[in-house]
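This report concerns one loop residue and one strand of a protein chain. Please view the sequence and the structure before reading on.

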Amino acid sequence: MKKSVWIIVVCLFLVGVFATTYNISLVGADSGFDSSYDSGSSDSGDGGGLFYLIYLCFEYPPLGIAVVTVLVIIYFSNKKKGKEIIQKALNNKLELLDVNIFPEEKKIEIEAFNLYKQIQYAWMNFDEEMIRKCTTDEMYNMYLMQLDTLKVKNQKNIMYDIKYLGSSIKERYEENGQETIVMNMKVSCFDFIIDTKTNNVVRGNASKLNIYNYELTFVRTKENKNVDICPRCGAPVEANNSGVCEYCKSTLISNNYTLVMSKKKMISQDKMI
């Protein structure tokens with residue numbers, strides 16, 4: 001009786017170990033463009049886990065078969081969950097937080113999260129015009145290059161179920177009539193890349209949730225009026241419809257009191273759930 005109990009305990013332990021190993025070995029990387037961690041390989045280590053599983057199958061057939069069976073069930077369960085998430089993400093509509101339900105001191109941070117989410121949604125759907133409206137010239141060009149890379153490869157970066165987990169303002173200052181706000185922000189989301197022809201995941205894991213810690217920088221005009229001096233190069237700005245400085249070619253944030261993102265930096269990536 002005691003021997004049977006120990007076999008069950010060992011079996012459950014091995015299932016947990018191998019389930020973790022299998023989740024890693026089934027994908028080439030752990031998430032999409034925003035991830036700070038990229039395994040770059042589908043190798044799960046030195047192969048010791050796989051060797052031990054084969055050993056179990058021959059030395060203790062009931063135990064080995066039980067572990068393999070459970071792993072197969074976990075694999076297909078995750079695959080089904082992943083397909084459901086992909087389908088939901090492709091049909092997803094943008095939903096933003098209601099800024100008015102938050103305390104006054106938090107409203108600017110929630111507005112920043114909404115902007116971040118809007119940019120990620122536009123990025124996922126190749127909406128270059130929306131990205132242009134929500135970012136500075138430098139950020140826009142960065143996104144554009146990455147989107148061009150995805151288009152060439154017939155890929156799409158899915159960022160789905162983005163949730164706000166908290167934020168704090170790190171720095172806030174005004175210069176040349178422009179306000180800069182630097183904040184730390186924590187979000188969770190599903191983040192992976194699919195082949196647009198097959199909807200199969202080519203990088204990341206569609207069934208795992210990522211937790212990201214960012215340092216985000218936003219800018220906005222301090223007053224709702226036209227900018228007379230370019231905040232980037234200091235050159236005088238003449239009236240034009242392009243919204244671009246004629247000297248340094250940066251985007252001018254004129255007649256716009258809303259935030260735009262100027263920088264996005266990944267601080268850390270917490271352990272995925």
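Contact means that heavy atoms lie within 4.5 Å. The model is predicted: local features need pLDDT of at least 70, side-chain atom pairs count only at pLDDT 80 or more, and totals for chains, interfaces and linings use all residues. Residues are numbered from 1 along each chain as its sequence is written, and side-chain values use heavy atoms, with hydrogens and water left out.

Leaving aside neighbours within four places in sequence, Thr-196 is in contact with Asn-154, Gln-155 and Lys-156. Thr-196 belongs to the loop between strand E2 (178-195) and strand E3 (201-203). Strands (E, at least two residues) and helices (H or I, at least four) are DSSP runs, numbered from the N terminus. From Thr-196 to Lys-151 the C-alpha to C-alpha distance is 9.1 Å, and the two are 45 residues apart in sequence.

Is Thr-196 buried or exposed? Thr-196 is partly exposed because its relative accessible area is 39%, a value between the cut-offs for buried (under 20%) and exposed (over 50%), for a 1.4 Å probe and protein chains only.

Strand E4 (residues 210-221) is mostly covered, with twelve of its twelve residues buried. Among those that point one way from E4 are Tyr-212 and Leu-216, while Ile-211 and Thr-217 are among those that point the other way.

Two strands pair if DSSP finds at least two bridges between them. The pairings of E4 are as follows.

| Strands | Sense | Bridges | Opposite residues |
|---|---|---|---|
| E2 and E4 | antiparallel | twelve bridges | Met-183 and Leu-216 in E4 |
| E4 and E5 (residues 260-270) | antiparallel | nine bridges | Thr-217 and Lys-263 in E5 |
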